[in-house]
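User: I would like to learn how to read a protein model with a ligand in it, feature by feature. Could you take me through one, giving the general idea before each case?

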Amino acid sequence: MKSRLGILVMAAGKGTRMRSELPKVLHPILDVPMLGHLLRSVLGCGAGEAAVLVGAGGERVEEYLRDFPEVRVLWQREQLGTGHAVKVARDWWRDFDTLLVLNGDLPLLRPETLRGLIEKCMCEPAACTLLSFEARNPDGYGRVVRSSSGIRIVEHKDASEAEREVREVNAGCYLFDVASLARVIDRVENHNVQGEYYLPDVISLMQEEGMSVRAVSMPAEEMKGVNTQAELAEASAALRDRIAMGWMERGVMMLDPSSVWIGPDVELSPDVRIAPNVQMWGRTRVGRGSSIGPGCILTDALLGCDVVLTANVIVEASELCDGAKAGPFAYIREGSYLEECSFAGKFVELKRTTVGRNSKVPHLTYLGDARLGKHVNIGAGTITCNYDGRNKHPTTIGDRCFVGSDTMFVAPAEMGDDASTAAGSVITDPIPDGALGVGRARQRNIEGWALRRNQLGRRGG
Ligand code: UD1
Ligand code: CA
């Protein structure tokens, strides 16, 4: 037994105007494909069963839809227009009472809006309720032409001069009474400029049958379709502003929200401060009182409380605990872990590396597959030579160690507690607790060398 409401998302179109190999609905808005935003709203509105029609580039869309196991995938092998799309999906929707049909290119639609539409239609049934909005520039949209004989949707390409003046446009979101839709869907024809079967033509067919239809006008902000790269950029900016506004309302501080890009799955705490030109993606989490400086890019980063990223820090799939500090110009790569009050400074790259509590890696260092204890200081220019050309090897450094500048740890390498290395050492053997590892040629001075060189030079010339 099916539930009463079906939600059909049409995502089979070619998206020609994007001029891209990537199917239109997979174009990212922030870090989620356009279709993903719509599906979150569809699933988030808490009503009905959902299906997506795929076609052009359908294999890739279908692959993406594996992230949404509750959504049915339907195929429209030939893309003959939105009317055709709804028709080929009939076996799926015929047993519902009500069908919500959505264009796949509506990434800004909110779940509350869908819920409101569904509730309204439950109270005041009609054969079709479609959403419209006032477009500042209606080019490309179907116009909602209202007259004494009812409502017609006239596609831009089919519209007369006078009809093109109409600014109320069809948003591509329709709620149908299924029995009424089933009675007219086969009669949609393709006698129009594009030779396509237009779904909006069912509006006229329904009225000819004496069925009730209505167009409900909505704020334009949520209803804009994405057909071109420029519209994709516009939608991205709109969503960026919406997300930034939401976080500011919850106590996040931003100097220039228009330059701060936060993905929809990021979670921030009150009193987080964000400088201009910051990007935060994936499942990034930032704790209370942390400060993200300009130019930082965080992807799946876990930041505790009072973490400071001074500027231009890139964090990928890594964790910085309370009071940790990084930057400027640090690159913290996947699997790294900065414990409480530790520090990774200027031109430091960490990969799968743990920096223990209160330990410091202040400058010009690469640490890969390394584990540092507490209160360690790493001198400038230190490198873990963790890769032998075939395999990666670990470096372990104990508590309270002092690593001299320009130390090379040829991994696997080991250093006990309270140990040190002499500057410029190449460490190939384990250093026991409390020892100093020296691994470099001893300096000798050649007395009078400058004078002798000058004499040799004169004779030679
Ligand atoms: C459509 C509407 C137009 C409305 C506008 C709102 C039609 C004929 N026109 O125009 O009235 O103002 O949306 O944004 O519906 N699709 C399929 N199969 C197809 C064709 C399209 O699944 O054969 C899908 C597309 O992937 C897209 C959606 O349907 O997600 C709308 O198609 P699109 O070509 O973008 O329609 P518009 O020309 O924008
Ligand atoms: Ca469109």
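**Reading the ligand site and the backbone**

Analyst: Let us begin with a single contact between ligand and protein: an oxygen atom of ligand 1 is 2.7 Å from an N or O atom in the side chain of Thr82. The protein covers 91% of the 760 Å² of accessible area that ligand 1 has on its own. Please keep in mind throughout that this is a predicted model.

User: Which other atoms of the protein should I look at beside ligand 1, those of Gln76 and Gly13 included?

Analyst: A polar contact is read as a pair of N or O atoms within 3.5 Å, and the partner in the protein may belong to a side chain or to the backbone. In the side chain of Gln76, an N or O atom is 2.7 Å from a nitrogen atom of ligand 1, whereas Gly13 takes part through a backbone N or O atom, which lies 2.8 Å from an oxygen atom of the ligand.

User: How many residues surround ligand 1, and which helix and strands each supply at least two residues of its shell?

Analyst: The shell is read by counting the residues near the ligand, and then by asking where they come from and what kind they are. Here 24 residues surround ligand 1, and the closest are Gln76, Thr82, Asn103, Glu155 and Asn170. Strand 1 (5–11), helix 3 (82–88) and strand 10 (168–177) each supply at least two residues of this shell. By kind, the shell residues divide into ten nonpolar, ten polar and four charged. The space that ligand 1 takes is the largest pocket.

User: Turning to the protein itself, are Asn386 and Arg214 buried or exposed, and what do their side chains contact?

Analyst: Burial is read from relative accessible area, and a residue under 20% counts as buried. Asn386, found in the loop between strand 32 (383–385) and strand 33 (395–397), has a relative accessible area of 6% and is therefore buried. Its side chain makes a polar contact of 2.8 Å with the side chain of Asp369. Arg214 has its place in strand 11 (residues 213–218) and, at 18% relative accessibility, counts as buried because that value is under 20%. A polar contact of 2.9 Å joins the side chains of Arg214 and Thr129.

User: Where are the peptide bonds before Pro328 and Pro412, and what is the omega of each?

Analyst: For a peptide bond, the angle to read is omega. The bond from Gly327 to Pro328 is cis, with omega near -5°, and Pro328 lies in the loop between strand 24 (325–326) and strand 25 (330–332). A cis peptide bond also joins Ala411 and Pro412, where omega is about 5°; Pro412 is in the loop between strand 35 (408–410) and strand 36 (413–415).

User: What is phi in Leu30 and in Asp406, and is each residue buried or partly exposed?

Analyst: With phi, the sign is read together with the residue type. Leu30, a residue other than glycine, has a positive phi near 55°; it lies in the loop between strand 2 (28–29) and strand 3 (32–33), and its relative accessible area of 12% makes it buried. Asp406, which is not a glycine either, has a positive phi of about 60° and lies in the loop between strand 34 (402–403) and strand 35. At 40% relative accessibility, Asp406 counts as partly exposed, because the value falls between the cut-offs of 20% and 50%.

Note on methods
Residues numbered from 1 in each chain as written. Chains lettered and ligands numbered in written order. Predicted model: local features only at pLDDT ≥ 70, side-chain atom pairs only at ≥ 80, totals over all residues. Heavy atoms only, no water. Near = heavy atom within 4 Å. Polar contact = N/O pair within 3.5 Å; in protein donor to acceptor, adjacent residues only side chain to side chain. Areas by Shrake-Rupley, 256 points an atom, 1.4 Å probe, with all protein chains shown as cover. 1 Å grid on protein atoms, 1.4 Å probe; cavity = no way out; pocket = protein on both sides within 12 Å on 5 of 7 lines; lining within 4 Å. Sits in = over half its atoms within 2 Å of the grid points. Helix = DSSP H or I, 4+ residues; strand = E, 2+ residues; numbered from the N terminus. Nonpolar A, V, L, I, M, F, W, Y, C, P; charged D, E, K, R; others polar. Buried < 20%, exposed > 50% of the residue type's maximum accessible area, 1.4 Å probe, protein only.
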